[in-house]
Amino acid sequence: MPVKPSESEEEYFKRLEMEKLRRLREQAAREMAETERSRLKELHWMRCPKCGMDLAEVDFREVKVDACFACGGMFLDRGEIDKILGHKEPGILGRMVSSLFGQGSGSA
């Protein structure tokens, strides 16, 4: 005659199963988020945030600046404004821009 598991055993195995399902859902969500990030990067990479046209890299004072020839926008990556201004360390303008966008101390 088969032995029926006790309530505590059933609860234990239910908890294990629930934990396994939670981990699987978290993994699926991480994979979906990474896929979406990759898709968005591919869709928006080197596109003007103002008008959506292609950006071109232009040399300016030994810095590659992203320029949009459709709307005239010029876009800088982190730290490039300090290079253009000739600062060795992040200056007040670079720190201010970094703090506005939540980059903290502006470290790369």
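**View 1. The side chains of E19 and R22 are joined by a salt bridge, with 2.2 Å from N to O.** This is a close-up of a predicted model. Both E19 and R22 belong to helix α1, where they sit three residues apart, or about one turn of the helix. How open are these two to the outside? E19 has a relative accessibility of 30% and counts as partly exposed. R22 is also partly exposed, at a relative accessible area of 35%.

**View 2. R22 also makes a salt bridge with E26.** Here the closest N and O atoms are 2.4 Å apart. R22 and E26 are four residues apart in helix α1, which again comes to about one turn of the helix. E26 has a relative accessible area of 35%, so E26 falls in the partly exposed class, and R22 is partly exposed as well.

**View 3. Further along, E36 and R39 form a salt bridge.** The closest N and O atoms of this pair are 2.8 Å apart. How far apart are E36 and R39 in helix α1? They are three residues apart, so about one helical turn separates them. With 35% relative accessibility, E36 counts as partly exposed. R39 counts as partly exposed too, at 44%. Now go back to the earlier views: salt bridges that share partners tie E19, R22, R23 and E26 into one network. If you scan the whole structure, you will find seven salt bridges.

**View 4. Y12 and F13 bring two aromatic rings together.** How many aromatic pairs are there? The count comes to one. That pair is Y12 with F13, arranged edge-to-face, with 5.2 Å from centre to centre and 75° between the planes. Two numbers are handy when you look at such a pair: the distance of the centres and the angle of the planes. Is F13 buried or exposed? F13 is exposed, because its relative accessible area of 53% is over the 50% cut-off. Y12 has a relative accessible area of 42%, so Y12 is partly exposed. As for where to look, F13 is found in helix α1.

**View 5. A nonpolar patch on the surface is made by Y12, F13 and L16.** Together, these three residues have about 320 Å² of accessible area. Two of the patch members will be familiar from the previous view, where Y12 and F13 form the edge-to-face pair. Within the patch, F13 counts as exposed at 53% relative accessibility, whereas Y12 is partly exposed at 42%.

**View 6. E7, E9, E10 and E11 form a negative surface patch.** Which helix holds E11? It is helix α1, which covers residues 7-44. E11 has a relative accessible area of 43% and is therefore partly exposed.

**View 7. M46 has a positive phi although it is not a glycine.** The phi value of M46 is about 55°. Where is M46? Look in the loop between α1 and β1, the latter being residues 56-60. Is M46 out in the open or tucked away? At 23% relative accessibility, M46 counts as partly exposed, because buried would mean under 20%.

**View 8. G52 and C71 have C-alpha atoms separated by 9.5 Å.** Along the chain, these two residues are 19 residues apart. G52 is found in the loop between α1 and β1, the loop that also holds M46. G52 is partly exposed, with a relative accessible area of 34%.

**View 9. Stepping back, the protein chain has three helices and three strands.** In what order do the elements run from the N terminus on? They go α-β-β-β-α-α. Helix α1, residues 7-44, is the setting for E11, and E19 and R22 both lie there too. How much of the chain is buried? Of the 108 residues in the protein chain, buried residues make up 14%.

Technical notes:
Residues are numbered from 1 along each chain as its sequence is written. This is a predicted model: local features need pLDDT of at least 70, side-chain atom pairs count only at pLDDT 80 or more; totals for chains, interfaces and linings use all residues. Side-chain values use heavy atoms; hydrogens and water are left out. Patches are made of residues with over 30% relative accessible area and no salt bridge: like charges are joined within 9 Å, nonpolar side chains (Val, Leu, Ile, Met, Phe, Trp, Tyr) within 5 Å. Accessible areas come from the Shrake-Rupley method with a 1.4 Å probe; for residues, only the protein chains shown count as cover. A salt bridge is a side-chain nitrogen of Lys or Arg within 4 Å of a carboxyl oxygen of Asp or Glu. Lys and Arg count as positive and Asp and Glu as negative; His and the chain ends are not counted. The place of a charge is taken as NZ of Lys, CZ of Arg, CG of Asp or CD of Glu. Helices (H or I, at least four residues) and strands (E, at least two) are DSSP runs, numbered from the N terminus. Buried means under 20% relative accessible area, exposed over 50%, partly exposed in between (1.4 Å probe, protein chains only). Rings of Phe, Tyr and Trp (its six-membered ring) pair if their centres lie within 6.5 Å; planes under 30 degrees apart count as stacked, over 60 as edge-to-face and the rest as tilted.
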